[in-house]
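Please look over the sequence and the model below before reading on. The paragraphs after them lead through some of its parts in turn.

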Amino acid sequence: MKYEFKIIAFTNDPNFSISLATECNKYGFLLSFIEDLEQIDTELEDDVIVVTLLDLHDFSSNPFKLCKAIKNQYGIPVFGVLNTFSRQLQEKAKKSGFDLVFTKKMLIKSIKEVVIHVSNE
């Protein structure tokens, strides 16, 4: 089966990762968890729509600098995910180039709609 949509996730949150994997599996979306920018090269495929998820509460790397690097180097959409809504983090994310920012719970609940929207763009 050929997948049409892939999510590349930068997160160390085990509960979110399990929920995300469950939802992606339910809808047939590919999902990869990676730890550094260079790994994106191996995850890109022809004829597959790719987005990147960056956990804004994962401080093993600066998510704002990472977003700018992904946008500059790969030009793929970057979504930020938050544990709880924060207007301050949302505004900082927008200024750093994030395409969309969600709470983790909201993304899990609406992942199918988000994918449909991104696929139509």
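What follows is a walk through one helix and then through pairs of aromatic rings.

The model is predicted, and a good place to begin is helix 1, which covers residues 14-27. At 1.5 Å a residue its 14 residues should span 20 Å, and the end C-alpha atoms are indeed 20 Å apart, which agrees. Within this helix Phe16, Ser17, Leu20, Glu23 and Cys24 are buried. Because these buried residues fall within an arc of 135 degrees when seen down the helix axis, they line one face of helix 1. Among the elements that cover them are strand 1 (5-10), strand 2 (30-33) and helix 5 (104-120), whereas the face turned away from the buried side carries the exposed residues Pro14, Asn15, Ile18, Asn25 and Lys26.

The two ends of the helix can be described as well. At its start, a side-chain oxygen of aspartate 13 reaches to within 3.1 Å of the backbone nitrogen of asparagine 15, and after its end comes glycine 28, whose phi is positive, near 80 degrees.

Turning to the aromatic rings, a search of the whole structure finds four pairs. One of them joins phenylalanine 5 and phenylalanine 29 edge-to-face, with 5.6 Å from centre to centre and 65 degrees between the planes. Since phenylalanine 5 lies in strand 1 and phenylalanine 29 in the loop between helix 1 and strand 2, the pair ties together parts that are 24 residues apart in sequence. Both phenylalanine 5 and phenylalanine 29 are buried, and ring pairs link Phe5, Tyr27 and Phe29 into a cluster.

Technical notes: Residues are numbered from 1 along each chain as its sequence is written. This is a predicted model: local features need pLDDT of at least 70, side-chain atom pairs count only at pLDDT 80 or more; totals for chains, interfaces and linings use all residues. Side-chain values use heavy atoms; hydrogens and water are left out. Helices (H or I, at least four residues) and strands (E, at least two) are DSSP runs, numbered from the N terminus. The expected span of a helix is 1.5 Å times one less than its number of residues. Buried means under 20% relative accessible area, exposed over 50%, partly exposed in between (1.4 Å probe, protein chains only). The arc is that of the directions from the helix axis to the C-beta atoms. Contact means heavy atoms within 4.5 Å. A polar contact is a pair of N or O atoms within 3.5 Å; within protein, one must be able to donate a hydrogen and the other to accept it, and residues adjacent in sequence count only if both atoms are side-chain atoms. Rings of Phe, Tyr and Trp (its six-membered ring) pair if their centres lie within 6.5 Å; planes under 30 degrees apart count as stacked, over 60 as edge-to-face and the rest as tilted.
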